[in-house]
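Open the model in your viewer and keep the selection tool at hand. The stops below go from one helix outward to the rest of the chain.

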Amino acid sequence: MARALVSKKTDRSGSGRLAKAQGKVGAKTKGRSKLHVRKHAQQVKAVPAKSREKSVVAKPKRRGSAGKAVKQTSQKERMSMASGTRKRISTSGTLTAPPEKPVRALSETKTTPAALSLLEKGIKLIYQREFKKARHELESLIESYPGEAEILARARSYIQICDREEAAQKKPAVSTDQLYTRGVWEHNQGNYDGAISYFEQLLAKHPNTDYIYYSLAASKARKNEFAEAIQNLRKAIELNEDNRVYAKNDPDFASLHVEGEFVDLVGLKPV
């Protein structure tokens with residue numbers, strides 16, 4: 001019931017408004033002549049229906065070079081999105097830059113693989129402490145591939161390593177006299193273990209040297225290792241009989257005077 005009442009009110013109000021509007025139009029057209037009205041109607045009829053539709057529907061075209069440039073660039077963008085950039089879209093939907101090429105450590109040429117092979121061979125020989133062979137491989141690398149500047153620089157640095165190692169190997173070894181002097185010095189300082197170490201090194205190189213056995217026996221006696229002291233002293237006497245006399249009067253063997261084997265060996269009178 002409420003809706004019907006509202007519609008009736010609107011009809012009455014609407015009819016009133018329309019009547020007023022028509023009255024205003026009539027008032028305006030009263031002053032015009034019938035000829036003016038006919039001319040206006042003829043002008044309206046003269047315009048074809050299709051042209052009126054086009055004038056209403058058609059959108060204004062862009063003119064000039066600026067409009068063409070806009071259309072071309074937009075078409076290119078669509079083409080690039082369809083072909084290249086579609087691969088660069090990540091899972092999050094954002095565009096990612098194309099991956100950069102990895103930086104090469106060396107500028108590669110046709111001879112680079114062969115030069116690297118020789119360099120690796122030389123390095124392996126250095127780790128195996130074959131410095132002469134390593135030098136030969138590295139020098140042949142420098143002679144064979146003069147155009148590989150970066151590889152040659154590395155080869156020269158490894159040749160310097162070979163020089164240092166070979167120089168260290170060429171250092172003169174400590175002589176027998178120097179080792180024996182060190183052993184005697186350690187014995188006199190009371191470092192009998194150090195003295196024994198030097199004397200044993202000498203015996204490994206000179207197993208038939210009597211005075212080395214004698215000195216080793218003296219250090220063993222000072223450590224109260226009587227059995228080994230007598231054994232080494234016996235060997236020294238076998239190689240040189242004079243050592244029997246030296247041992248009889250040597251204070252380093254004073255602790256062995258109570259040992260019957262020592263007394264018999266050097267010819268002491270029993271106590």
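**Stop 1: helix H9**

Select residues 192–205, which form helix H9. This is a predicted model. H9 has 14 residues, and at 1.5 Å a residue they should span 20 Å; the end C-alpha atoms are 20 Å apart, so expectation and model agree.

Now show the side chains of Gly194, Ala195, Ile196, Phe199, Leu202 and Leu203, the buried residues of H9. What do they pack against? Add helix H8 (176–188) and helix H10 (210–222) to the view: the buried residues of H9 pack against both. Residues three or four places apart in an α-helix point the same way, because there are 3.6 residues a turn.

**Stop 2: glycine 183**

Move to helix H8 and pick glycine 183. Is this residue buried or exposed? Glycine 183 has 0% relative accessibility, so it counts as buried. Draw a distance from its C-alpha atom to that of alanine 195: the two are separated by 4.2 Å, although the residues are 12 apart along the chain. Leaving aside residues up to four places away in sequence, glycine 183 touches Ala195, Tyr198 and Phe199.

**Stop 3: the aromatic rings**

The structure holds 4 aromatic pairs. Select tyrosine 180 and phenylalanine 199: their ring centres are 5.8 Å apart and their planes stand at 45 degrees, so the pair is tilted. Tyrosine 180 sits in helix H8 and phenylalanine 199 in helix H9, so to speak a link between distant parts of the chain, 19 residues apart. Phenylalanine 199 counts as buried at 1% relative accessibility, whereas tyrosine 180, with a relative accessible area of 21%, is partly exposed. The cut-off for buried is under 20%. Next, select phenylalanine 253 and phenylalanine 262, whose ring centres are 6.0 Å apart with planes at 25 degrees, so this pair is stacked. Phenylalanine 253 and phenylalanine 262 are both buried. Return to the tilted pair and add Tyr211: Tyr180, Phe199 and Tyr211 form one aromatic cluster.

**Stop 4: salt bridges around H9 and H10**

Switch to charged side chains. A search of the whole structure finds 12 salt bridges. Select aspartate 193 and lysine 223, which form one of them, with the closest N and O atoms 2.5 Å apart. Aspartate 193 belongs to helix H9, while lysine 223 is in the loop between H10 and helix H11 (226–239), so the pair ties together parts 30 residues apart in sequence. Both partners are partly exposed: aspartate 193 at 47% relative accessibility and lysine 223 at 32%.

Then select lysine 220 and glutamate 225, a salt bridge whose closest N and O atoms are 3.2 Å apart. Lysine 220 is buried, with a relative accessible area of 10%, whereas glutamate 225 is partly exposed at 26%. Salt bridges with shared partners join Asp193, Lys220, Lys223, Glu225 and Glu228 into one network.

**Stop 5: helix H6 and its neighbours**

Select residues 131–144, helix H6. Its 14 residues should span 20 Å at 1.5 Å a residue, and the end C-alpha atoms are 20 Å apart, in agreement. Phe131, Ala134, Glu137, Leu138, Ser140 and Leu141 are buried in H6, and the buried residues of this helix pack against helix H5 (112–127) and H7.

Which residue forms a salt bridge with arginine 135? Aspartate 163 does, with the closest N and O atoms 1.8 Å apart. Arginine 135 is in H6 and aspartate 163 in helix H7 (residues 149–169), so the pair ties together parts 28 residues apart in sequence. Aspartate 163 counts as partly exposed, at 36% relative accessibility.

**Stop 6: the whole chain**

Zoom out and colour by pLDDT. The chain has 13 helices and 0 strands. Of its 271 residues, 23% are buried. The accessible surface comes to about 21,000 Å², and carbon and sulfur atoms hold 55% of that.

The average pLDDT is 73, and 59% of the residues score at least 70. Among the elements, H10 has the highest mean pLDDT (96) and helix H1 (residues 2–30) the lowest (42). Select residues 1–41: pLDDT stays under 50 there, and the model has 0 contacts for them beyond four places in sequence. Residues 50–58 also stay under 50, with 2 such contacts. Where pLDDT is low, the predicted coordinates should not be read in detail.

Technical notes
Residues numbered from 1 in each chain as written. Predicted model: local features only at pLDDT ≥ 70, side-chain atom pairs only at ≥ 80, totals over all residues. Heavy atoms only, no water. Helix = DSSP H or I, 4+ residues; strand = E, 2+ residues; numbered from the N terminus. Expected span 1.5 Å × (residues − 1). Buried < 20%, exposed > 50% of the residue type's maximum accessible area, 1.4 Å probe, protein only. Contact = heavy atoms within 4.5 Å. Areas by Shrake-Rupley, 256 points an atom, 1.4 Å probe, with all protein chains shown as cover. Salt bridge = Lys/Arg side-chain N within 4 Å of Asp/Glu carboxyl O. pLDDT = per-residue confidence, 0-100. Phe/Tyr/Trp six-rings, centres within 6.5 Å; stacked < 30°, edge-to-face > 60°.
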